[in-house]
Amino acid sequence: MAYRRTLKVLCGLAGGSAVIVVAAAAADSHGYFFGGGGQPGDGPSRWSRFNVIKAAQPASWTPASHTPAPSGHAWDFNWDKRDPSALVNGKKKESVTEDPSSEQENGKPKATRNILLIRHSQYNLSGASDKERFLTPLGREQAELTGQRLSVLGLKYDLLIHSSMTRATETANIISKHLPGLDLVSCDLLREGAPIEPVPPVTHWKPDAVQYHEDGARIEAAFRRYIHRADPKQKEDSFEIIVCHANVIRYFVCRALQFPPEGWLRMGLNNGSITWLTIRPSGRVALRTLGDSGFMPPDKLSRT
């Protein structure tokens, strides 16, 4: 029984402390914790099992010291500037008989938006211009697999938006073959670029400051246009597909989750992968999947 009790305590320990407790349990079971007379079993132990456990712990150990402290700011429910209470408070009352609580209730979103961000497939890296950076044979296979995956999910897609760059446009066109009847919309805001200088920096990719300045504003504008909670008039949950680029997707994820946006380059995305964001009516955002490409055979994976 004493041995089992010691094991229960041991489960809460780690590293060198655990080794000491195991040794203490073994010694105690053989009567090696001496009593006052210096012989095994001669009265109360000078060192109890719990004294040994306490001695094994670092002097500064407390439960609080092993619990990460909250960092950063609290969640901003008005991150998309569409929080109903903020909208109502900013409106000028049109009549003195208007009920503020009723107005706020009517302005609340009811539906959830699901946004599936697709990275374009593998493309010709040696192309000098955008038109020459078309999909490779492997890239076309990847787009077919992504389209098949989106189809078998059985979701009712509302729209397919894609970057106007060649590799994203071709990827979207192949995917659309598996989703008949879906409207395609091209958007320049979704073009690849340098959203914000990454932290920590990397040595293999260093755009000029002006590129961050120009691309960052454009990609942020794309985020504000496409990533937000549903309009109050939307009655049913929606599923939208956006085919674009790795830098754009990674930046969107950081911004939507209210993570530091400069951490975008810490993520990696395979070609043709699916990243799924869910935006609730309350403004809460969940990341369902990040760069999912498990539906592709290993020999079809790439990250160019």
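Okay, P281 to start: at 22% relative accessibility it counts as partly exposed, where buried means under 20% relative accessible area, exposed means over 50%, and partly exposed is what falls in between, using a 1.4 Å probe and protein chains only. P281 sits in the loop between strand 5 and strand 6 (285–292). When I say helix or strand, I mean DSSP runs numbered from the N terminus, H or I with at least four residues for helices and E with at least two for strands. Leaving out residues up to four places away in sequence, P281 touches P109, K110, A111, T112 and R229, with contact meaning heavy atoms within 4.5 Å. Its C-alpha is 8.9 Å from that of D231, and those two are 50 residues apart along the chain.

Quick housekeeping. This is a predicted model, so local features need pLDDT of at least 70 and side-chain atom pairs count only at pLDDT 80 or more, while totals for chains, interfaces and linings use all residues. Residues are numbered from 1 along each chain as its sequence is written, and side-chain values use heavy atoms, with hydrogens and water left out.

Now the whole chain. It has 9 helices and 6 strands, and 41% of its 304 residues count as buried. Of the contacts between residues at least 6 apart in sequence, 70% join residues at least 24 apart.

On to the inside. What does the largest nonpolar core contain? There are 28 residues in it, and those with the most contacts inside it are L117, L190, Y226, I227, I242, F252 and V285. By nonpolar core I mean a set of buried Ala, Val, Leu, Ile, Met, Phe, Trp, Tyr and Cys residues joined through side-chain atoms within 4.5 Å. Two or more residues each come from strand 1 (113–119), helix 8 (209–226), strand 4 (238–244), helix 9 (246–256) and strand 5 (274–279). Helix 9 gives the largest share, 8 residues. If you want one residue to click on, take L117: beyond four places in sequence, L117 touches I242, I249, F252, S273, I274, T275 and L277. There's also a second, separate core of 18 residues, and that one includes L145, Y157, I274 and W276. As a general point, nonpolar side chains in soluble globular proteins tend to be buried together.

Two buried polar residues next. T171 is in helix 7 (residues 166–176), and it counts as buried because its relative accessibility is 1%. Where does the side chain of T171 reach? To the backbone oxygen of R167, at 2.7 Å. That fits the polar contact rule: a pair of N or O atoms within 3.5 Å, where within protein one must be able to donate a hydrogen and the other to accept it, and residues adjacent in sequence count only if both atoms are side-chain atoms. Setting aside neighbours within four places, T171 is in contact with H120, S121, L135, A143 and V243.

H162 is in strand 2 (residues 159–163), and it is buried, at 6% relative accessible area. Not counting residues up to four places away, H162 touches A168, T169, A172, L184, V185, S186, C187, L190 and V243. So V243 turns up in the contacts of T171 and in those of H162.For contrast, take H213 in helix 8. Is H213 buried or exposed? Exposed, with a relative accessible area of 62%. H213 and P195 are 18 residues apart in sequence, and their C-alpha atoms are 8.2 Å apart in space.

A few backbone oddities before I stop. The peptide bond from V199 to P200 is cis, with omega near -5 degrees, and P200 is in the loop between strand 3 (184–187) and helix 8. Then K81, which is not a glycine, has a positive phi of about 60 degrees. K81 lies in the loop between helix 3 (49–56) and helix 4 (84–89) and is exposed, at 58% relative accessibility. Q258 also has a positive phi of about 60 degrees without being a glycine. You'll find Q258 in the loop between helix 9 and strand 5, partly exposed at 29% relative accessible area.
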